[in-house]
Amino acid sequence: MIELGPGPSFMEYLNRDRPDLLPGAPAQAPAGAAGQVPHGTTIVALSYTDGIVMAGDRRATMGNVIASRRIEKVFETDRFSVVGIAGAAGVAIDIAKLFRVELEHYEKIEGTRLSLDGKANRLASMIRANLALAMQGMSVVPLFAGFDTLAETGRIFSFDITGGLYEEVEHHSIGSGSPYARGALKKLWQPDMDATAAVRVAVEALYDAADDDTATGGPDAVRQLWPVVYTVDAAGAHRVEEPILAGMATEIIAARTASGKEA
Amino acid sequence: MSAQYYVSPEQLMKDRADFARKGIARGRAVIVASCADGIALIAENPSGSLHKIGEIYDRIAFAAVGKYNEFESLRQAGVRYADTRGYSYSRHDVTGRGLASVYAQSLGAVFTAEAKPFEVELAVLELGATPADDTLFSLNFDGSIAEQPGYIIMGGDTPVLREAWNGYWADKDLAAAGTDEVIRAAALVLPGVGVSPEDARLLEVAVLERVTASGSHRHFRRLDTPTIARFLGAGK
């Protein structure tokens with residue numbers, strides 16, 4: 001029988017020819033290793049009239065220590081999609097990097113882009129492949145969002161460590177600060193927001209998460225560090241510029257100070 | 001058992017080369033030229049889906065003439081090579097020279113060892129900061145490789161096309177020209193194509209843009225038929 005080539009999937013090609021390059025290759029991590037590697041935390045995503053917004057804070061923690069104040073956990077994966085990753089930072093960043101190559105590779109081999117559902121399914125299978133590490137505490141849970149060019153609407157997908165894939169409506173958040181962020185999103189999200197309003201809601205939800213969760217970093221005015229925020233609409237993914245985020249974060253802090261609430 | 005006839009190595013290589021050359025000359029031509037806006041890749045190709053031109057990596061493109069199944073498998077192998085290198089080292093470590101030399105080795109190995117040589121001619125192009133920094137490699141069916149300054153013409157009746165091309169650029173500077181002018185010149189030179197907007201569907205055109213509109217790391221852009229028609233129409 002004629003054997004067909006590895007097809008348009010970069011991951012399948014690596015699996016076949018270069019398994020050493022796949023993320024999370026040493027499957028036997030020593031017990032207690034989970035506390036010794038940096039973990040990334042809160043990501044929020046929400047929809048607005050033209051597309052979606054995704055934002056992530058800048059902190060990575062290692063037990064009770066801040067491992068990084070400037071880590072970036074939201075990535076543009078191709079022109080119409082972004083992924084935000086919470087969990088063991090090293091494995092998470094590797095998976096995001098592989099996912100980005102996977103999408104680009106498919107596009108180059110096939111000459112067309114994967115559908116948004118196709119992209120979400122590929123990411124789900126990558127998370128499933130990481131299950132052995134996840135059971136040892138090195139779990140990686142992404143939040144995936146993008147603009148569906150066929151349905152002409154923004155869509156948000158969440159995952160669990162077994163590769164389960166769930167489509168979310170309106171908004172969603174993941175990571176240790178997500179209960180607080182979700183509470184904020186429930187009150188702040190409105191059905192007819194424009195991009196600027198949606199970005200502001202995302203920044204404020206992260207502020208609330210950082211307020212109550214030590215593993216989530218708030219806006220850092222001393223070091224001028226602001227969340228990483230992307231919008232995705234019919235024109236593609238766009239990273240929101242730092243001065244805009246600095247303005248929004250400063251406004252939020254000023255408004256909270258002025259309201260005089262202590263809790 | 002049938003006796004094997006003796007064939008001298010010279011004759012064997014000549015027969016293989018003649019065989020490959022015949023296959024390549026039957027196909028339609030591809031023109032690749034480095035100009036002010038980037039590197040333009042123009043192929044005479046009425047099919048909208050069976051491409052002769054492809055993206056390999058951020059600043060690297062591929063063009064081929066000859067048998068589709070053979071150069072398509074080479075293109076896919078090139079994409080895999082580039083993506084694997086970029087993924088395991090860094091995006092900066094993927095170079096056109098590296099890719100061209102891998103192609104040269106596999107073409108050379110197939111030419112001498114396999115039952116039949118590849119009937120293809122390839123171009124591997126790497127975009128630089130200025131036209132002088134662009135590198136254009138042409139690769140032959142036997143694995144021979146050459147770096148060409150300015151432009152590459154492959155397939156069809158190459159000597160005639162080259163003469164027409166040089167005639168067009170005799171009093172113009174290719175390195176200072178825009179993509180639109182290069183596309184019009186190629187349409188003029190390619191035998192089956194005219195320079196009216198209706199001929200746009202006979203052309204496959206892509207550009208390695210020196211400056212990308214979206215600031216993306218991927219410089220390769222395929223032009224759609226309406227855009228090509230607009231460029232062809234603008235010359236009047």
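Helices (H or I, at least four residues) and strands (E, at least two) are DSSP runs, numbered from the N terminus. With that in hand, let's work through some exercises.

This is a predicted model, in which local features need pLDDT of at least 70 and side-chain atom pairs count only at pLDDT 80 or more, while totals for chains, interfaces and linings use all residues. Residues are numbered from 1 along each chain as its sequence is written, chains are lettered from A and ligands numbered from 1 in the order in which they are written, and side-chain values use heavy atoms, with hydrogens and water left out.

**Exercise 1. Find where Pro46(B) lies and describe its surroundings.**

Step 1: Look between β2 (38-44) and β3 (53-57) of chain B; the loop there holds Pro46(B).

Step 2: Check accessibility. Buried means under 20% relative accessible area, exposed over 50%, and partly exposed in between (1.4 Å probe, protein chains only). Pro46(B) has 44% relative accessibility, so Pro46(B) counts as partly exposed.

Step 3: List the partners. Contact means heavy atoms within 4.5 Å. Leaving out residues up to four places away in sequence, Pro46(B) touches Arg28(B), Arg201(B) and Leu202(B).

Step 4: Compare sequence with space. Pro46(B) and Ala200(B) are 154 residues apart along the chain, and 9.2 Å separates their C-alpha atoms.

**Exercise 2. Decide whether Lys119(A) is buried or exposed, and find its side-chain partner.**

Step 1: Place the residue. Lys119(A) sits in helix α3 (residues 116-129) of chain A.

Step 2: Apply the cut-off. Lys119(A) counts as buried because its relative accessibility is 3%.

Step 3: Look for a polar contact, which is a pair of N or O atoms within 3.5 Å; within protein, one must be able to donate a hydrogen and the other to accept it, and residues adjacent in sequence count only if both atoms are side-chain atoms. The side chain of Lys119(A) has such a contact, of 2.9 Å, with the side chain of Asp78(A).

Step 4: Add other neighbours. Beyond four places in sequence, Lys119(A) touches residues including Phe80(A), Phe99(A) and Phe144(A).

**Exercise 3. Do the same for Arg155(A).**

Step 1: Arg155(A) belongs to strand β9 (residues 153-159) of chain A.

Step 2: With a relative accessible area of 13%, Arg155(A) is buried.

Step 3: Its side chain makes a polar contact of 2.6 Å with the side chain of Asp148(A).

Step 4: Among the contacts of Arg155(A) beyond four places in sequence are Ile52(A), Phe144(A) and Glu167(A). For Phe144(A), 11 residues away along the chain, the C-alpha separation is 8.5 Å.

**Exercise 4. Describe how chain A and chain B meet.**

Step 1: Count the residues. On chain A, 18 residues are in contact with 16 residues of chain B.

Step 2: Give the area. Buried area is the accessible area (1.4 Å probe) that two parts lose on being put together, summed over both. Here that is about 1,600 Å², with 53% from carbon and sulfur atoms. Glu104(A), Lys108(A) and Ile109(A) supply 39% of what chain A buries against chain B, more than any other three residues.

Step 3: Find the salt bridges. A salt bridge is a side-chain nitrogen of Lys or Arg within 4 Å of a carboxyl oxygen of Asp or Glu. The rule finds three across this interface. One of them pairs the side chains of Arg91(B) and Glu104(A), at 3.1 Å from N to O.

Step 4: Name the elements. On the side of chain A that touches chain B, α1 (10-17) and α2 (89-110) each supply at least two residues. The largest share, 10 residues, comes from α2(A).
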